[in-house]
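Here is a set of exercises to work through with the coordinates open beside you. Try each task on your own before reading its solution.

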Amino acid sequence: MRRKLLAGLAGVAAVVALAGPAAAEDTIVTLTVDAAGGLSITVPATANIGHGVEGSTVSGQLGPVTVLDQRGSITPNWTATVISTDFVTGGGSSGETIPNINVLYWSGSATATAGGGTFTPGQQTAAQQQIINVPRTAFSHTGGTGNNFATWNPTLVVNIPDGTVGGTYTGTVTHSVF
């Protein structure tokens with residue numbers, strides 16, 4: 001009798017174990033991943049690329065330019081562009097102006113990158129330098145996902161025309177990213 005009772009209890013336990021819970025409810029769980037920030041570019045506030053005489057060329061690096069993409073995007077593509085104003089001194093007369101057609105730029109390779117995807121310099125070498133009297137691609141990023149950044153140290157080349165008077169010339173090089 002004892003064996004029958006034990007066998008019966010074991011059978012009931014097996015049926016209860018196989019049957020599972022009498023009722024079940026699901027909870028749909030969501031969470032939000034926020035972007036850490038947006039898309040930004042930082043550049044040196046000032047740069048002095050040297051000095052030269054009329055008819056010569058002056059060149060120098062501008063300092064680190066960094067694009068930081070914290071949009072947390074599935075397609076974090078961006079393009080950084082660069083353009084220059086004329087360089088002027090004094091009253092900006094024709095002899096006191098170096099037109100921006102004489103201002104060239106080359107980005108060179110990245111000095112630092114992070115994140116997936118492909119980082120591409122606008123002008124890898126000095127042989128690929130471009131006149132920046134109109135917006136030119138300085139650097140770009142395609143592919144990958146999430147956040148990324150790139151830093152490069154571009155070179156500016158200024159051809160000083162014949163007839164340019166002596167003085168300290170100032171121009172503005174503008175980097176933008178979109």
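**Exercise 1. Work out the strand order of the open sheet that contains S2, and find its edges.**

Solution. Start with the order: in this predicted model, four strands make an open sheet that reads S2-S13-S7-S10, and their pairing is antiparallel. Next, look at the two ends of that order. Strand S2 (57-61) and strand S10 (130-131) each have a single partner strand, so one side of each has no neighbour in the sheet. Then move inward to S7 and strand S13 (residues 155-159), which are joined by four bridges in the antiparallel sense. To place this pair on the residue level, find Tyr105, whose bridge partner in S13 is Leu156.

**Exercise 2. Follow Tyr105 from its contacts to the largest nonpolar core.**

Solution. First list what Tyr105 touches once neighbours within four places in sequence are set aside. Its contacts include Leu62, Val82, Ala138, Trp152, Pro154 and His175. Leu156, the bridge partner of Tyr105, is also one of these contacts.

Now turn to the core. The largest nonpolar core has 22 residues, and those touching the most other members are Trp78, Tyr105, Trp152 and Leu156. Two or more core residues come from each of S3, strand S4 (78-84), S7, strand S11 (136-142), S12 and S13. The most generous contributor is S4, which supplies three residues.

**Exercise 3. Assemble the open sheet that contains S1, pair by pair.**

Solution. Write down the order: the four strands run S1-S3-S12-S8, with antiparallel pairing. The edges are S1 and strand S8 (110-114), each pairing on one side only. From one strand to the next, the twist averages 10°.

Now take the pairs in turn:

- S1 meets strand S3 (residues 65-73) through four bridges, in the antiparallel sense. Here Ile41 stands opposite Val67 in S3.
- S3 and S12 are antiparallel partners over six bridges. Thr66 faces Thr151 in S12.
- S8 and S12 run antiparallel and are linked by four bridges. Opposite Ala114 is Phe149 in S12.

Finish with the cover over strand S12 (residues 146-152): five of its seven residues are buried, which leaves this strand mostly covered.

**Exercise 4. Find the partner of Arg71 in its salt bridge, and compare how exposed the two residues are.**

Solution. Begin with the count: the structure holds one salt bridge. That bridge links Arg71 to Asp69, with the closest N and O atoms 2.7 Å apart. The cut-off for a salt bridge is 4 Å between such atoms, and the 2.7 Å found here satisfies it. As background, side chains of opposite charge can pair when their charged atoms come close.

For exposure, take each partner separately. Asp69 is buried because its relative accessibility is 0%, under the 20% limit. Arg71 has a relative accessibility of 29% and therefore counts as partly exposed.

One further check concerns Asp34. The C-alpha atoms of Asp34 and Arg71 are 8.5 Å apart, although 37 residues separate them along the chain.

**Exercise 5. Are the loop residues Asn100 and Asp34 buried or exposed?**

Solution. Locate each residue first. Asn100 sits in the loop between strand S6 (97-98) and strand S7 (103-106), and Asp34 in the loop between helix H1 (2-19) and strand S1 (39-42).

Then apply the accessibility values. Asn100 is buried because its relative accessibility is 17%. Asp34 is exposed because its relative accessible area is 62%, over the 50% limit.

To see what surrounds Asn100, leave out residues up to four places away in sequence. The residues it touches are then Ser84, Thr85, Asp86, Ile131 and Asn133.

**Exercise 6. Summarise the whole protein: how many helices and strands does it have, and what percentage of its residues is buried?**

Solution. Count the elements first: there are one helix and 14 strands. For burial, 28% of the 178 residues count as buried. Next comes the surface, where the protein exposes about 10700 Å², with carbon and sulfur atoms supplying 57% of it. Last, consider contacts with a separation of 6 or more: residues 24 or more positions apart account for 76% of them.

Conventions: Residues numbered from 1 in each chain as written. Predicted model: local features only at pLDDT ≥ 70, side-chain atom pairs only at ≥ 80, totals over all residues. Heavy atoms only, no water. Buried < 20%, exposed > 50% of the residue type's maximum accessible area, 1.4 Å probe, protein only. Contact = heavy atoms within 4.5 Å. Pairing = 2+ DSSP bridges. Axes fitted to C-alpha atoms, helices over the stretch in contact; angles between N-to-C directions. Salt bridge = Lys/Arg side-chain N within 4 Å of Asp/Glu carboxyl O. Areas by Shrake-Rupley, 256 points an atom, 1.4 Å probe, with all protein chains shown as cover. Core = buried A, V, L, I, M, F, W, Y, C linked by side-chain atoms within 4.5 Å.
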